[in-house]
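Here is a set of exercises to work through with the structure open beside you. Try each task before you read its solution.

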Amino acid sequence: MMDDTKKGADLMAILKGPLDELFRYCKENDWAGFDPYDGLNSLVYQATPLKNSKLCRIALIQALKRLPVNLRPLLMVPRLQNPKALALFLSAFVKLSKLGLLKDEGLIQAMTELLAALRSPGNRYWNWGYSFPWQTRGELVPQGGANLVCTVFVANALLDAFYLTSDPRCIEMAGSAADYLLDELYWTQGGELACFSYPLPTTHVPIHNANFMGAALLCRLAKYCGGKRYRDSALKVARYSAARQQPDGAWGYGESPSQGWVDNFHTGYNLCALHTIGHCAETGEFQGVLRLGFDFYRKNFFRQDGAPKYYHNRIYPIDIHSVAQSIITMLELKELSEQNLPQARSVLTWALDNMWDDNGYFYYQLYPLFKNKISYMRWSQAWMLLALATFAEHVQE
């Protein structure tokens with residue numbers, strides 16, 4: 001039988017080449033690139049009257065998101081740095097630094113400064129938004145407009161950096177982001193409904209992954225920095241979304257009639273956030289919900305060969321974001337099953353066989369008859385760098 005040291009060495013041998021190559025690719029591109037949702041950044045589109053049509057905005061975003069041919073250079077869509085991608089990179093840098101695998105330690109300070117420079121404008125809080133305007137079915141979110149998801153990822157990355165460097169700017173910005181969640185996005189209705197608004201402060205539709213991720217950030221700050229109001233509000237929100245878990249362990253994306261789908265990476269967000277809430281709030285209140293949700297996730301989101309399914313009841317498109325979140329979820333929750341590390345390895349090896357390009361990046365999506373090979377910096381490369389760093393972290397434990 002192979003001992004643990006030999007197993008770890010074999011896993012690092014699988015990992016090290018792609019990790020180094022992906023890191024080089026992202027750095028050479030200055031951590032910037034295209035995004036599946038950046039169609040409205042097109043200078044060509046913005047020069048036409050079609051920019052004023054909600055239907056045309058949705059059509060352009062969906063067309064560029066789905067086409068396997070990249071029309072962005074033709075439409076003059078710029079390659080930009082995205083705060084959420086930079087946050088994922090920063091969290092990956094911190095993990096690699098702890099492992100002695102970050103060759104340039106100055107990148108942590110440089111990424112922190114970049115995130116500070118890219119904060120959303122015109123707000124007294126430290127908060128962040130996407131590098132593109134974004135049309136939902138109901139709302140147009142402006143470029144750089146602060147939202148919960150971007151802000152939570154950046155604040156968590158700054159906390160990661162603070163625990164490594166003790167840079168006071170990091171804890172100051174993360175604390176301000178938490179105050180933004182509580183003062184601008186937290187809303188209640190009646191005795192049980194407590195949520196965070198997403199994607200706009202005026203949106204009052206419960207979105208479960210936003211609720212859990214916001215609650216997890218507040219619990220993390222409450223544990224390490226104090227703040228009873230953080231913990232109390234976080235637990236109210238977590239209790240609301242935990243109570244909306246379906247009997248089989250799933251969560252729909254949200255509570256509006258059109259938001260009932262169940263997908264891989266949002267479920268993974270929910271589970272990792274519940275794990276953080278339980279740990280940081282020092283409560284076992286959500287352990288049963290976490291266990292039930294994890295069993296559903298493991299049984300419904302993976303093919304036998306390791307490929308992660310997009311939906312619980314449909315395989316395609318197999319998406320690189322699902323690959324990354326599957327690896328992270330399995331490793332972050334590895335105490336729930338001894339099969340989690342083998343499952344994470346199975347997902348990674350499948351992705352390297354089917355979605356890795358020899359030029360040092362990962363493809364976007366795979367369908368039964370073709371692959372969408374477009375490289376997206378936030379959606380694909382930043383997530384996979386964090387997944388590979390997380391894998392390395394757990395292999396070396």
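**Exercise 1. Find the residue that stands opposite threonine 188, and describe the strands around this pair.**

Step 1. Threonine 188 faces alanine 194, which belongs to S4. The model you are looking at is predicted: local features need pLDDT of at least 70, side-chain atom pairs count only at pLDDT 80 or more, and totals for chains, interfaces and linings use all residues. Residues are numbered from 1 along each chain as its sequence is written, and side-chain values use heavy atoms, with hydrogens and water left out.

Step 2. Now look at the partners. Strand S3 (residues 186-189) and S4 pair in the antiparallel sense over four bridges. Strands are DSSP runs of E with at least two residues, helices are runs of H or I with at least four, and both are numbered from the N terminus. Two strands pair if DSSP finds at least two bridges between them.

Step 3. Glutamine 189 stands opposite leucine 193 in S4.

Step 4. Follow the chain through the turn. S3 and S4 make a hairpin with three residues between them, and glycine 190 in that turn has a positive phi of about 70°.

Step 5. Check the two faces of S4. Leu193 and Cys195 lie on one side, Ala194 and Phe196 on the other, and all are buried, so both faces are covered. Buried means under 20% relative accessible area, exposed over 50%, and partly exposed in between (1.4 Å probe, protein chains only).

**Exercise 2. Work out the strand order in the open sheet of three strands, and name its edges.**

Step 1. The order is S5-S8-S9, with antiparallel pairing.

Step 2. Strand S5 (318-319) and strand S9 (371-372) are the edge strands, as each pairs on one side only.

Step 3. Zoom in on one pairing. S5 and strand S8 (residues 365-366) are antiparallel and joined over two bridges. Here isoleucine 318 stands opposite leucine 366 in S8.

**Exercise 3. Locate the cis peptide bonds at proline 199 and proline 317.**

Step 1. Tyrosine 198 and proline 199 are joined by a cis peptide bond with omega about 10°. Proline 199 sits in the loop between strand S4 (193-196) and helix H8 (208-225).

Step 2. Tyrosine 316 and proline 317 are also joined by a cis peptide bond, with omega about 0°. Proline 317 is in the loop between helix H11 (287-300) and S5.

**Exercise 4. Find where serine 166 and glutamate 282 lie, and give the phi of each.**

Step 1. Serine 166 has a phi near 60°, a positive value in a residue other than glycine. Its place is the loop between helix H6 (148-165) and helix H7 (168-185).

Step 2. Glutamate 282 has a positive phi too, near 50°. Look for glutamate 282 in the loop between helix H10 (264-280) and H11.

Step 3. Is glutamate 282 buried or exposed? Its relative accessible area is 64%, so glutamate 282 is exposed.

**Exercise 5. Describe the surroundings of glutamine 325 and leucine 88.**

Step 1. Glutamine 325 lies in helix H12 (residues 320-332). With 3% relative accessibility, glutamine 325 counts as buried.

Step 2. List its contacts (heavy atoms within 4.5 Å). Leaving aside neighbours within four places in sequence, glutamine 325 is in contact with Phe265, Gly268, Tyr269, Cys272, Tyr297 and Trp383.

Step 3. Move to leucine 88, in helix H4 (residues 83-98). Leucine 88 is buried as well, with a relative accessible area of 2%.

Step 4. Not counting residues up to four places away in sequence, leucine 88 touches Phe153, Arg378, Ala382, Trp383 and Leu386. Trp383 therefore appears in both contact lists, under the cut-off of 4.5 Å between heavy atoms.

**Exercise 6. Step back and describe the whole protein chain.**

Step 1. Count the elements: the protein chain has 14 helices and nine strands.

Step 2. Why is the chain called as compact as a globular protein of its length? Its radius of gyration is 20 Å, close to the 21 Å that the globule rule gives for 397 residues. The radius is taken over C-alpha atoms, and the rule is 2.2 Å times the number of residues to the power 0.38.

Step 3. Add burial: 58% of the 397 residues count as buried.

Step 4. Finish with the contacts. Among those with a separation of 6 or more, 70% come from residues 24 or more positions apart.
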